[in-house]
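Could you walk me through this structure in my viewer, one selection after another? I am new to it and would like to know what to look for at each stop.

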Amino acid sequence: MPHPDLPTLILGTGLAGYNLAREIRKLDKTVPLVLVSRDAAPFYSKPMLSNALAGGKTAESLVMKSADRMAEELGARILAHTQVASIDTAARQVSFSNGEHLAYRDVVLAIGADPIRLPLDGDGAADVLSVNDLEDFARFSARLDGVQRIAILGGGLIGCEFANDLLARGIVPTVLDPAPWPLGRLLPEAAGHWFQGRLEAAGVRFRMGTAARSVTRQADGYRLELDDGSQLDVDLVLSAVGLRPRTGIAAEAGLATQRGIVVDRRLAASAPNVYAIGDCAEVDGLSLPFVMPIMQQVRALAQTLAGTPTDVRYPAMPVLVKTPAVPTVVAPPAAGTEGAWQVEDDRDGLTARFVASDGSLRGFAVLGSATAGKQALTAQLPSTLS
């Protein structure tokens, strides 16, 4: 058994890491807590990054509390600007790149995910921006002065949210994606085209079925060569093609990894006293990079770490798409579910229901005025992980 005076060590100070620390403190006021962050460890809401421009937010104003304030509130030690070098699960010790070591009672990996980088040609490929944290947002927003045209690579959730948000700055975004309609992993075809039409009416441009091959620097911006043979000239390029869970440090420690760090229903990894939560974790085969699953995880894991082993459970968890031009809430069916989409639409709203072969509701998407029905539909869905 690990020594009781050793700390619970949380690697990562995003929503997962900080919220876990808060939940632990509700249950245990005395266990030593140490949080480790690669950056300055401010507390902020990462989901707000993709709609901060319309609210006039800066990177500084998005910060809710400093690391010092969080350390005081949590009664914790916070190691900012500290890079993890390795985890020795046998010795229960984490080593840092500055040469220091720290033994732990339990260690929780809440290390998030990295933006996927497209294999682009051209001398401008290295200039393509992505926004995955507060520092990324600061770099991105600092580049927006005088910008009128932005290419967004990726028509998924984050790409569409940024496209809508950029309209508030008077910027014309062009969204490129090889898929035939935006939000292709969340919305059925009819809903995807309805969504696209409303965003186009607001000022967003779409080039669906098209991807960038190269980005070349021009005197006044960048030229994109597209795979349909056409070109697109813009002032800035933003990549939003998805995230890849950070698994490297876990794999090097001998932990099981697949898409993410493999954990069971108690968020336990494949070595004793090691856990993973948030965007880096693959929970019972599911990787769900959204706020609601994270909150379910931290509540369950806090109970486990406090001495009451608790399985994580996922209720039905619809996703709110932050596109004010076309309000959208979607609860996609589980992968492999047999059934079909049934769509009803009018000028102001669209409702899509995914009905299983037994007649039960297994997913839905509501857009525009139809979002008023999201609670009633959610109540009909089965749990995601019961």
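Select Val326 and show the surface around it: is this residue buried or exposed? With a relative accessible area of 1%, Val326 is buried. Bear in mind throughout the tour that the model is predicted. Val326 belongs to the loop between β20 and β21.

Now display what surrounds this residue. Setting aside neighbours within four places in sequence, Val326 is in contact with Trp194, Phe195, Arg198, Leu199 and Leu367. For a distance to try in your viewer, pick the C-alpha atoms of Val326 and Thr371: they are 9.9 Å apart in space, while the two residues are 45 apart in sequence.

**The antiparallel sheet**

From that loop, step out to the strands. Colour β20, β21, β24, β23 and β22, in that order, and you have an open sheet of 5 strands with antiparallel pairing. Which strands are at the edges? They are β20 (319-321) and β22 (339-345), and each pairs on one side only. Going from one strand to the next, the twist averages 15°.

Zoom in on β21 (residues 328-331) and β24 (residues 361-368). These antiparallel strands are joined by 4 bridges. To see one bridge partner, select Val330 and look across to Ala365 in β24.

**The parallel sheet**

Next, colour β3, β2, β1, β7 and β18. In this order they form an open sheet of 5 strands, and here the pairing is parallel. The edges are taken by β3 (77-79) and β18 (274-276); each has a single partner strand, so one side of each is left without a neighbour in the sheet. The twist from one strand to the next averages 20°.

Strand β7 (residues 106-109) runs parallel to β18, and 3 bridges join the two. Pick Leu109, and its bridge partner in β18 is Ala276. Add α1 to the view: this helix packs on the sheet and touches β1 (8-11), β2 (33-36), β3 and β7. The direction of α1 makes about 175° with that of β2.

**Two helix neighbours of α1**

Stay with α1 (residues 15-27) and bring in α8 (residues 291-305). The two helices pack at an angle of about 40°, with their axes 8 Å apart. They are therefore oblique to each other, and α1 passes α8 in a right-handed crossing. To see the contact, show Leu15, Ala16, Asn19, Leu20, Glu23, Ile24 and Leu27 of α1 together with Val291, Ile294, Met295, Val298, Arg299, Leu301, Ala302, Gln303 and Leu305 of α8. Coloured by class, the contact of α1 with α8 has 12 nonpolar, 2 polar and 2 charged residues.

Now swap α8 for α3 (residues 67-74). How far apart are the axes of α1 and α3? They are 10 Å apart, and the packing angle is about 20°. That makes α1 roughly parallel to α3. On the α1 side the contact is made by Tyr18, Ala21, Arg22 and Arg25, and on the α3 side by Ala67, Met70, Glu73 and Leu74. In the contact of α1 with α3 there are 5 nonpolar residues, no polar ones and 3 charged.

**Strands β9, β10 and β15**

Select β9 (residues 149-153) next. Of its 5 residues, 4 are buried, so β9 is largely enclosed by the rest of the structure. β9 runs parallel to β10 (residues 172-177), joined to it by 5 bridges, and Ile152 stands opposite Val175 in β10. β9 also pairs with β15 in the parallel sense, over 4 bridges. Here the residue to pick is Leu153, whose bridge partner in β15 is Ser239.

Turn on the side chains of β15 (residues 236-239). Leu236 and Leu238 point one way, Val237 and Ser239 point the other way, and all are buried. In a regular strand the side chains alternate between the two faces of the sheet.

**Last stop: Asp279**

Finish in the loop between β18 and β19 (281-283), where Asp279 lies. At 17% relative accessibility, Asp279 counts as buried. Show what this residue touches: leaving out residues up to four places away in sequence, the list is Lys46, Gly112, Ala113, Leu243, Pro245, Pro289 and Ile294. Ile294 also takes part in the contact of α8 with α1.

Notes: Residues numbered from 1 in each chain as written. Predicted model: local features only at pLDDT ≥ 70, side-chain atom pairs only at ≥ 80, totals over all residues. Heavy atoms only, no water. Axes fitted to C-alpha atoms, helices over the stretch in contact; angles between N-to-C directions. Parallel < 35°, antiparallel > 145°, perpendicular 65-115°, else oblique. Left-handed = near helix turned anticlockwise from the far one by under 90°. Contact = heavy atoms within 4.5 Å. Nonpolar A, V, L, I, M, F, W, Y, C, P; charged D, E, K, R; others polar. Pairing = 2+ DSSP bridges. Buried < 20%, exposed > 50% of the residue type's maximum accessible area, 1.4 Å probe, protein only.
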